[in-house]
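Colleague: I have a model open and a few things to ask about it. Can we go through it together?
Modeller: Go ahead.

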Amino acid sequence: FETTELKNSDFLPSANFTYTVNDFTNLRFAYSHSVNRPEFRELSPTGFYDFVKYELVAGNPNLRRSLAKNYDIRFEVFPGIGELLAVSYFKKEIVDAIEEQLVQTATRTRSWFNSDLAMNSGWEFEARKSLAFFGGYFQHFSLMGNYTRIFSTVEFLQTMGNSEQTTTSVAQRPMQGQSPYMLNISLLFVEPTLGTSLNILY
């Protein structure tokens, strides 16, 4: 019988500031600390077989939770009621980022480990537009979407050379599992008489 315990007390401050440029334009600044705690299966000292990827999956009881410092700046405009145009820049500094890795064993095995320092940054573009300009019943439709471009880096020690002479240097690579972009599109319909809404998402 084996047990794994992860106990942490974290102080997570945050601050938000909004500057109102005019009646329909805002400039927002935000700073916060956050945590990413391992899932139970990532901490578990036991494993299981993944029949989809044909791999053993083993947890890491020594896994630590990640600490992140988040910086955000956002410029937003409200052209009309229920409408939005916004652009944001964000940056995340992540200590002990949790990543997945393949362990070199006789059997193909997947597990998790902590990377010392990781960085995420990027841009987000967001829009929400009412279709009321088509007239009549279209006032109950709204089209929404956002696009996020993400740049991620992880620092690691890279060893090069042969058995006689090796050199170690700090190198960078993208964060494992981090998508370079995200795209969301939504069409929302609200029927006021029936009190019903329908949302189609991509």
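**Pocket, cores and rings**

Modeller: To start with the pocket: this is a predicted model, and four strands each supply at least two residues of the lining of the largest pocket, namely strand 2 (25-36), strand 5 (66-77), strand 6 (84-103) and strand 7 (109-130).

Colleague: Which strand gives the most to that lining?

Modeller: Strand 6, with six residues.

Colleague: And how much space lies in the largest pocket?

Modeller: About 400 Å³. The lining has 23 residues, and the closest to the pocket centre are Asn-36, Ser-66, Ile-94, Ile-98 and Met-175.

Colleague: Let's move to the packing. Which residues form the largest nonpolar core?

Modeller: There are six: Ala-68, Ile-94, Ala-97, Ala-118, Val-154 and Met-175. A second, separate core has five residues, among them Leu-43, Val-57, Leu-63 and Ile-98.

Colleague: What does Ala-68 touch?

Modeller: Leaving out residues up to four places away in sequence, Ala-68 touches Ser-32, His-33, Ser-34, Glu-93 and Ile-94. Ile-94 belongs to the largest core as well.

Colleague: Changing topic. How many aromatic pairs does the count come to?

Modeller: The count is 10. One of them is Phe-134 with Phe-138, a tilted pair at 5.3 Å centre to centre and 55° between the planes.

Colleague: Why tilted, at 55° between the planes?

Modeller: Because planes under 30 degrees apart count as stacked and those over 60 as edge-to-face, the 55° of Phe-134 and Phe-138 falls in the remaining class, tilted.

Colleague: Is Phe-134 buried or exposed?

Modeller: Phe-134 counts as exposed, because its relative accessibility is 53% and the cut-off for exposed is over 50%. Phe-138 has a relative accessible area of 39%, so it is partly exposed.

Colleague: Which residues form the aromatic cluster with those two?

Modeller: Phe-133, Tyr-137, Phe-141 and Phe-189 are in one cluster with Phe-134 and Phe-138.

Colleague: Last one, Asn-146. Where does it lie?

Modeller: Asn-146 is in strand 8, which covers residues 141-161.

Colleague: Which side chains make polar contacts with the side chain of Asn-146?

Modeller: The side chain of Glu-124 does, at 3.3 Å, and so does the side chain of Asn-184, at 2.9 Å.

Colleague: What else does Asn-146 touch?

Modeller: Besides Glu-124 and Asn-184, Asn-146 touches Phe-125, Glu-126, Met-182 and Leu-183, again not counting residues up to four places away in sequence.

Key: Residues are numbered from 1 along each chain as its sequence is written. This is a predicted model: local features need pLDDT of at least 70, side-chain atom pairs count only at pLDDT 80 or more; totals for chains, interfaces and linings use all residues. Side-chain values use heavy atoms; hydrogens and water are left out. A polar contact is a pair of N or O atoms within 3.5 Å; within protein, one must be able to donate a hydrogen and the other to accept it, and residues adjacent in sequence count only if both atoms are side-chain atoms. Contact means heavy atoms within 4.5 Å. A nonpolar core is a set of buried Ala, Val, Leu, Ile, Met, Phe, Trp, Tyr and Cys residues joined through side-chain atoms within 4.5 Å. Buried means under 20% relative accessible area, exposed over 50%, partly exposed in between (1.4 Å probe, protein chains only). Rings of Phe, Tyr and Trp (its six-membered ring) pair if their centres lie within 6.5 Å; planes under 30 degrees apart count as stacked, over 60 as edge-to-face and the rest as tilted. On a 1 Å grid over the protein atoms alone, a cavity is a set of points where a 1.4 Å probe fits but cannot get out, and a pocket is an open set with protein on both sides within 12 Å along at least five of seven lines; lining residues have an atom within 4 Å of a point. Grid points are joined across faces, edges and corners, and a volume is the space filled by probe spheres set on the points.
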